[in-house]
Amino acid sequence: FLNIEITARHFTASDKLKELVYEKIKKIEKFNSSVISCHVILTKENNSENVEIIAHAKGNDFAAQENTDVFERSLLNAINKISIQIKKQHEKAMGR
């Protein structure tokens, strides 16, 4: 069971945005079941929407950050970045 925490800075995250975060973060679990928790920080700045993801796995931490004009795009890009890190780590662990 993956523990997901969402922090919204300078705005209130809509339920729709939160649902999107949960849905996308759950995909990370598929790459590596040892991921135990994720903290997603959503920050609204003047004209950019920043997403930072910090994932804690057994023995490893992963982090990715992305900044675009809309949260949805920032989220997808950050998920892609962190997924690559997690997959690499998982492959390394399996290769031992």
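What follows is a short tour of a predicted model, moving from its sheet to its helices and ending at a single threonine.

**The sheet.** Begin by selecting the four strands, which form an open sheet in the order 1-2-3-4 with mixed pairing. The edges are strand 1 (3–9) and strand 4, each of which pairs on one side only. From one strand to the next, the twist averages 10 degrees. Now restrict the selection to strand 3 (49–57) and strand 4 (60–68); these two run antiparallel and are joined by 9 bridges. To find your place along this pair, display A55 together with F62, its bridge partner in strand 4.

**Helix 1 on the sheet.** Add residues 15–31, which are helix 1. Helix 1 packs on the sheet, where it touches strand 1, strand 2 and strand 3, and its direction makes about 140 degrees with that of strand 1.

**Helix 2.** Next select residues 71–95, the 25 residues of helix 2, whose first and last C-alpha atoms are 36 Å apart, close to the 36 Å expected at 1.5 Å a residue. Helix 2 lies across strand 2, strand 3 and strand 4, and it runs at about 155 degrees to strand 4. Which residues of helix 2 are buried? Colour F71, S74, L75, A78, I79, I82, S83, I86 and Q89 to see them. As background for reading that list, an α-helix has 3.6 residues a turn, so residues three or four places apart point the same way. The buried residues of helix 2 pack against helix 1 as well as against strand 2 (35–44), strand 3 and strand 4.

**Between the helices.** Keep both helices on screen and look along the place where they meet, where they pack at an angle of about 15 degrees with their axes 9 Å apart. Because angles under 35 degrees count as roughly parallel, helix 1 is described as roughly parallel to helix 2. The crossing of the two helices is right-handed. To show the side of this contact that belongs to helix 1, select L17, L20, V21, K24, I25, I28 and F31; from helix 2, the residues they meet are F71, E72, L75, L76, I79, I82, S83, I86, K87 and H90.

**A last stop at T43.** Finally, centre the view on T43, which is found in strand 2. Is T43 buried or exposed? T43 counts as buried, because its relative accessibility is 7%, and the cut-off for that class is under 20%. Leaving aside neighbours within four places in sequence, T43 is in contact with R9, H10, F11, S48, E49, N50 and F71. Among these contacts, F71 takes you back to helix 2, where F71 is one of the buried residues.

Definitions and conventions: Residues are numbered from 1 along each chain as its sequence is written. This is a predicted model: local features need pLDDT of at least 70, side-chain atom pairs count only at pLDDT 80 or more; totals for chains, interfaces and linings use all residues. Side-chain values use heavy atoms; hydrogens and water are left out. The expected span of a helix is 1.5 Å times one less than its number of residues. Buried means under 20% relative accessible area, exposed over 50%, partly exposed in between (1.4 Å probe, protein chains only). Contact means heavy atoms within 4.5 Å. Two strands pair if DSSP finds at least two bridges between them. Axes are lines fitted to C-alpha atoms, for helices over the stretch in contact, and angles run from 0 to 180 degrees between N-to-C directions. Angles under 35 degrees count as roughly parallel, over 145 as roughly antiparallel, 65 to 115 as roughly perpendicular and the rest as oblique. A crossing is left-handed if the near helix is turned anticlockwise from the far one by less than a right angle, and right-handed if clockwise.
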